[in-house]
Amino acid sequence: MRKKARYVNEDLCTGCGACAEKCPTSVANEYELGLGKRKAIYKFYAQGIPSVFCIDPNSCRTFQGKKCGVCEKVCEAKAIDYKQEDKILELNVGAIILSTGYDLFDATRIPEYGYGRLPNVVNAMEFERLLSASGPTEGHVERLSDIRDHHLIKTSEKKLKKSSKSLASYEKKHKMSSDDFYKQFTAGNISDGDEFPKWAKQYESVQEATKELEELKAKAEKFDIATRLAFIQCVGSRDFRFNKYCSSYCCMHSLKEAMMAKDHDARTEAYIFNMDLRTVGKGFEEYKVRGAEQIGLHYVRGRVAEITQDENENPIIWYEETTSQTTKHMTVDLAILAVACEAPKGIEKMAEMLGADLDENRFFKTDLLNPLDTTVPGIFVCGCAQRPMDIPESVAQASSAACRAAEVVAGG
Ligand SMILES: Cc1cc2nc3c(=O)[nH]c(=O)nc-3n(C[C@H](O)[C@H](O)[C@H](O)COP(=O)(O)OP(=O)(O)OC[C@H]3O[C@@H](n4cnc5c(N)ncnc54)[C@H](O)[C@@H]3O)c2cc1C
Ligand code: SF4
Ligand code: SF4
């Protein structure tokens, strides 16, 4: 087993976060699926156990040969250890439980849905992050194109500040405002001097950038919470081109997400496009009925054919409504793809290493009568490593797998 170096001594770190607060390096946050930023010293997510920090050597300045060491200076617990190394642990065990989970289906494999191309088409996990109070938008469901434009405004303002400073230095040197200089320069009254053409060019680019920024700011004033939502079910599941199986939990998570969005903003109109809503579980069907009758969710029966966008980057959903047998389209603020649960990359390698078989869908093969037993005695499986399942079922399986493992270790 490889225990990766954290470069932070977990026995000393108190989890106070002083290091991350002062760290000057920000990079895309994987936990937020790139929608937010994190520091080079970070916790993968707030509830992680143990609650201690780690350094990402790929972005940390010290590891990249630059000057820094700020975290070491501010850490009062003296927990920073840049010299830590990965450890290979050899464990002598009586049983193994595989709980390696799942990967999300890559929705770019369905190009007609526009994921990765149309900014306001997101997958369900990205939508969960938008809904989360601890997420990149603090729970405000914003269109990704609006988030992009807000970032653009911030970076343009910074650039403009820098360019304006260089105009100010010309103005100071020549004791003349840039406006006056430009009028005279373009009228041909000022010509000699190497730096005048550069000043004029800089002035023009500042004027252009200011105009673009003002336009963007005027556009941003009209931005609002995304309240028209289209949930597209079975993306990569129950589709013979990709996975034939039902991913089993996505109908329920879309219902939950739609209800939460409505709870965040009562103006929300949520449409769930489905072949059928598979609400299998105790109280699940009642939850679906309550969603329609009390919360006002709209269930549309039909497979979505294509997603395009209008001039404001609003997704347009093209679909057949099977109940009326008509083809229709609908414009929304955000389209949310309920992507399939797939066996994770690397599962083949792990199966080969352990000598365990996989089933036709690449999940670990199990015995029909002993559903936690893999094809190798003493190696058990639980959760989505066995097949798609929700959290309660994964947790119940985990307890059962622990019991099966204990039986082996304790000698039957
Ligand atoms: C958008 C979305 C919303 C959902 N909402 C809900 C919900 O509201 N309620 C609900 O019940 N279910 C929900 N689910 C389903 C839920 O995510 C799964 O049921 C649950 O995560 C399965 O747990 P697991 O432990 O089997 O797998 P995972 O959660 O995938 O955990 C597996 C872990 O193993 C780690 N791992 C993998 N390989 C290795 C290795 N070689 N070494 C070390 N670690 C490794 C992975 O990094 C991962 O952390 C949702 C799913 C999605 C996609
Ligand atoms: S040494 Fe690395 S992790 Fe520490 S503050 Fe500097 S960039 Fe951040
Ligand atoms: S759970 Fe619902 S959305 Fe997910 S694959 Fe099954 S039917 Fe489709």
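How many nonpolar, polar and charged residues does the shell around ligand 1 have? The legends below take this shell in the first view and then move on through the predicted model.

**View 1. The shell around ligand 1.** By class, nine residues are nonpolar, six are polar and three are charged. The shell holds 18 residues. G101, A124, G383, D390 and I391 come nearest to the ligand. Three helices each give two or more residues to this shell: α3 (124-131), α7 (250-264) and α10 (391-409).

**View 2. The surroundings of ligand 2.** C23, T25, A40 and I41 belong to the set around this ligand. I55, C60, R61 and T62 are also part of it. C68, G69, V70 and C71 complete the list. Eight residues of the ligand 2 shell are nonpolar, three are polar and one is charged.

**View 3. The surroundings of ligand 3.** Q233, C234, S237 and R238 are found around this ligand. So are C246, S247, S248, C250 and C251. R278 and A338 are the remaining members. Strand β10 (228-235) and helix α7 each contribute two or more residues to the shell. The class count for ligand 3 is five nonpolar, four polar and two charged.

**View 4. The domains of the chain.** The assignment divides the chain into three parts. Domain 1 covers 1-92. Domain 2 is made of two segments, 93-142 and 225-412. Domain 3 covers 145-220. Between the centres of domain 1 and domain 3, taken over C-alpha atoms, lie 40 Å.

**View 5. An open sheet of five strands.** The strand order is β9-β16-β10-β11-β12, and the pairing is parallel. β9 (121-123) and β12 (298-301) form the edges, each pairing on one side only. On average, neighbouring strands of the sheet are turned by 25° against each other, direction ignored.

**View 6. The pairing of β11 with β12.** β11 takes in residues 269-274 and pairs with β12 in the parallel sense. Four bridges join these two strands. Within this view, N274 stands opposite R301 in β12.

**View 7. Helix α7 on the sheet.** α7 packs on the sheet and touches β10, β11 and β16 (334-339). The direction of α7 makes about 170° with that of β10. The helix also appears in two of the ligand views: α7 gives two or more residues to the shell around ligand 1, and α7 does so for the shell around ligand 3.

Methods. Residues numbered from 1 in each chain as written. Chains lettered and ligands numbered in written order. Predicted model: local features only at pLDDT ≥ 70, side-chain atom pairs only at ≥ 80, totals over all residues. Near = placed C-beta within 6 Å. Nonpolar A, V, L, I, M, F, W, Y, C, P; charged D, E, K, R; others polar. Domains from an automatic or database assignment. Pairing = 2+ DSSP bridges. Axes fitted to C-alpha atoms, helices over the stretch in contact; angles between N-to-C directions. Contact = placed C-beta atoms within 7 Å.
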